[in-house]
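User: Please take me through one part of this model slowly, with the helix packing and the empty spaces around it. I'm in my first year, so spell out the terms as you go.

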Amino acid sequence: MLPNNMIYLFKVDTLLNSVKWDEKGLAVAIAQNVDTGAILMQGFTSREALAATISSRKATFYSRSRSMLWTKGETSMNFINIHDIFLDCDRDSIIYLGKPDGPTCHTGSETCYYSSVFDFLRLPKVEENKLAVTSLYSLESTILQREAELASPQIGKPSWTKRLMLDPVLLCSKIREEAAELCQTLEENENKSRTASEMADLLYHAMVLLRLKDVNMEDVLQIIRHRFSQSGIEEKQSRKSK
């Protein structure tokens with residue numbers, strides 16, 4: 001039988017052989033944030049770059065302009081730490097699923113995707129650095145904007161979010177109220193749309209509290225990811241021992 005390390009290297013080689021490299025020996029590689037789902041950047045990878053990524057767990061690409069491998073972060077120290085790698089159904093496109101150490105874009109932006117085409121076509125003046133984010137992070141961004149408006153009351157318009165931020169007692173009472181209404185949908189066998197609606201209310205109010213505590217949703221999701229390998233019972237017992 002082959003030693004374990006030889007079996008591993010054989011499987012890596014088999015994987016690399018299965019990729020449909022183009023005529024230049026390259027394939028598209030997209031880096032994605034493992035917690036937020038944000039698309040961080042796109043580059044090209046080669047057989048050697050993919051092998052280096054698997055080995056080092058750092059997102060490594062092939063520079064077409066310099067004809068050499070390069071690891072994201074080797075200059076800025078903003079590495080993308082790889083948690084998993086995915087091939088698409090045609091095996092000619094690759095996702096590096098990882099956690100960035102800092103901004104990914106050379107401009108200092110969190111991601112390289114911050115120019116909205118629809119905003120450009122629709123608005124007279126396009127907002128700079130509008131990140132491509134999911135609905136959850138759009139909500140977080142709006143809450144953050146409302147917090148910024150509190151420092152300049154003349155900016156913006158009256159909003160429920162700002163009222164909640166100025167009244168922690170009201171905010172906490174709303175969180176308790178929405179949590180109770182969510183539980184009620186189970187206790188009284190209400191329909192799915194009602195449950196989704198109550199969960200949306202609870203999530204929104206909880207995210208306002210997170211903003212007041214300077215906690216990002218990414219921080220919460222990272223904790224959830226770390227708990228995947230631990231049972232809920234074990235996790236609760238570990239809290240008691242601290």
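Analyst: Let's start with α4 and α7, whose axes come within 10 Å and cross at roughly 50°. That makes α4 oblique to α7. The labels count helices (DSSP runs of H or I, at least four residues) and strands (runs of E, at least two) from the N terminus. An axis is a line fitted to C-alpha atoms, for helices over the stretch in contact, and angles run from 0 to 180 degrees between N-to-C directions. Under 35 degrees counts as roughly parallel, over 145 as roughly antiparallel, 65 to 115 as roughly perpendicular, and the rest as oblique.

Keep in mind that this is a predicted model, where local features need pLDDT of at least 70 and side-chain atom pairs count only at pLDDT 80 or more, while totals for chains, interfaces and linings use all residues. Residues are numbered from 1 along each chain as its sequence is written, and side-chain values use heavy atoms, with hydrogens and water left out.

Back to our pair: the crossing of α4 and α7 is right-handed, meaning the near helix is turned clockwise from the far one by less than a right angle (anticlockwise would be left-handed). On the α4 side, Leu 136, Leu 139, Glu 140, Ile 143, Leu 144 and Glu 147 meet Leu 203, Tyr 204, Met 207, Val 208 and Arg 211 of α7. Contact here means heavy atoms within 4.5 Å. Sort those residues by class and you get 8 nonpolar, no polar and 3 charged. Nonpolar covers Ala, Val, Leu, Ile, Met, Phe, Trp, Tyr, Cys and Pro; charged covers Asp, Glu, Lys and Arg; the others, Gly among them, are polar.

Now for the empty space. Rolling a probe the size of a water molecule over the atoms shows where empty space is left. On a 1 Å grid over the protein atoms alone, a cavity is a set of points where a 1.4 Å probe fits but cannot get out, whereas a pocket is an open set with protein on both sides within 12 Å along at least five of seven lines; lining residues have an atom within 4 Å of a point. Grid points are joined across faces, edges and corners, and a volume is the space filled by probe spheres set on the points.

The structure has 1 cavity of 30 Å³ or more, and the largest cavity has a volume of about 50 Å³. Among its lining residues are Glu 140, Ile 143, Met 207 and Arg 211, names you just met in the α4–α7 contact. Both α4 and α7 supply at least two lining residues, and α7 gives the most, with 3.

Helix α4 turns up again at the largest pocket, which holds about 810 Å³ of space. Of its 26 lining residues, the closest to the centre are Glu 110, Leu 131, Val 133, Tyr 137 and Ser 141. The largest share of that lining, 7 residues, comes from α4. By class, the lining has 8 nonpolar, 11 polar and 7 charged residues.

Helix α7 has another partner too: α6 (residues 168-187) packs with α7 (residues 192-212) at about 155°, with their axes 9 Å apart. The two are therefore roughly antiparallel to each other, and their crossing is left-handed. That contact includes Leu 171 and Ile 175 of α6, and Met 199 and Leu 202 of α7.
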